[in-house]
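Welcome, and please open the model in your viewer with a cartoon display. We will go from one selection to the next and look at what is there.

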Amino acid sequence: MKIVIGLLKLILKIVAAPVVVVLTVAIWMCVGIVYVSGLVLGLISMVITVLGVAVLITYSPQNGIILLVIAFLLSPFGLPQLAFWLLGKVQDLKFVIQDLVYG
């Protein structure tokens, strides 16, 4: 019976190894993409913020507030932060798989 359990654990480790490797590579790639896009979106956010303040003062407060909200979502505190949170959850899943299989 111990031989069968040992064999099943070995098969589980062999099956789980590619999953862990794929998750690790995907996390590395996504972190790089989010980092670069965060820089670009930060610059775009700055331009939209300046435009939003100008529109808020000169033209229409409603449109200026809308532009400022869009600028906040594009800033490093908006969508990039959400992407890093989601990547953290995927990394937690990877660690759970590693702990359960390789214990």
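How many residues does helix 3 have, and how far does it reach from its first C-alpha to its last? Select residues 79-102 to find out: helix 3 has 24 residues and spans 34 Å between those two atoms, close to the 34 Å expected at 1.5 Å a residue. Keep in mind as you look around that this is a predicted model.

**Stop 1: the end of helix 3.** Step along to Gly-103, which follows helix 3. The phi of Gly-103 is positive, near 35 degrees.

**Stop 2: the buried residues.** Now go back into helix 3 and show the side chains of Pro-80, Leu-87, Lys-94 and Val-101; these are its buried residues. A lysine is on that list, so give Lys-94 a look of its own: with under 20% relative accessible area, it counts as buried. What covers these residues? The cover includes helix 1 (2-58) and helix 2 (61-74).

**Stop 3: Gly-88.** Staying in helix 3, pick Gly-88. Is Gly-88 buried or partly exposed? Its relative accessibility is 23%, so Gly-88 counts as partly exposed. Next, draw a distance from the C-alpha of Gly-88 to that of Ile-27: the two are 8.8 Å apart in space, although 61 residues separate them in sequence.

**Stop 4: helix 1 against helix 3.** Colour these two helices and turn the view until both axes are visible. Helix 1 and helix 3 pack at about 165 degrees, and their axes are 10 Å apart. An angle over 145 degrees counts as roughly antiparallel, which is why helix 1 is described that way relative to helix 3. The crossing of helix 1 past helix 3 is left-handed. The contact between them has 20 nonpolar, four polar and two charged residues.

**Stop 5: helix 1 against helix 2.** Add helix 2 to the selection. Its axis and that of helix 1 come within 8 Å and cross at roughly 165 degrees. Helix 1 and helix 2 are therefore roughly antiparallel to each other, and their crossing is left-handed.

To see this contact, show side chains on both helices. On helix 1, the residues that meet helix 2 include Leu-41, Ile-44, Ile-48, Leu-51 and Val-55. On helix 2, the residues that meet helix 1 include Pro-61, Ile-65, Leu-68, Ala-71 and Leu-74. Glycines take part too, among them Gly-42 and Gly-52 in helix 1 and Gly-64 in helix 2. By class, this contact has 14 nonpolar, six polar and no charged residues.

Terms used
Residues numbered from 1 in each chain as written. Predicted model: local features only at pLDDT ≥ 70, side-chain atom pairs only at ≥ 80, totals over all residues. Heavy atoms only, no water. Helix = DSSP H or I, 4+ residues; strand = E, 2+ residues; numbered from the N terminus. Expected span 1.5 Å × (residues − 1). Buried < 20%, exposed > 50% of the residue type's maximum accessible area, 1.4 Å probe, protein only. Contact = heavy atoms within 4.5 Å. Axes fitted to C-alpha atoms, helices over the stretch in contact; angles between N-to-C directions. Parallel < 35°, antiparallel > 145°, perpendicular 65-115°, else oblique. Left-handed = near helix turned anticlockwise from the far one by under 90°. Nonpolar A, V, L, I, M, F, W, Y, C, P; charged D, E, K, R; others polar.
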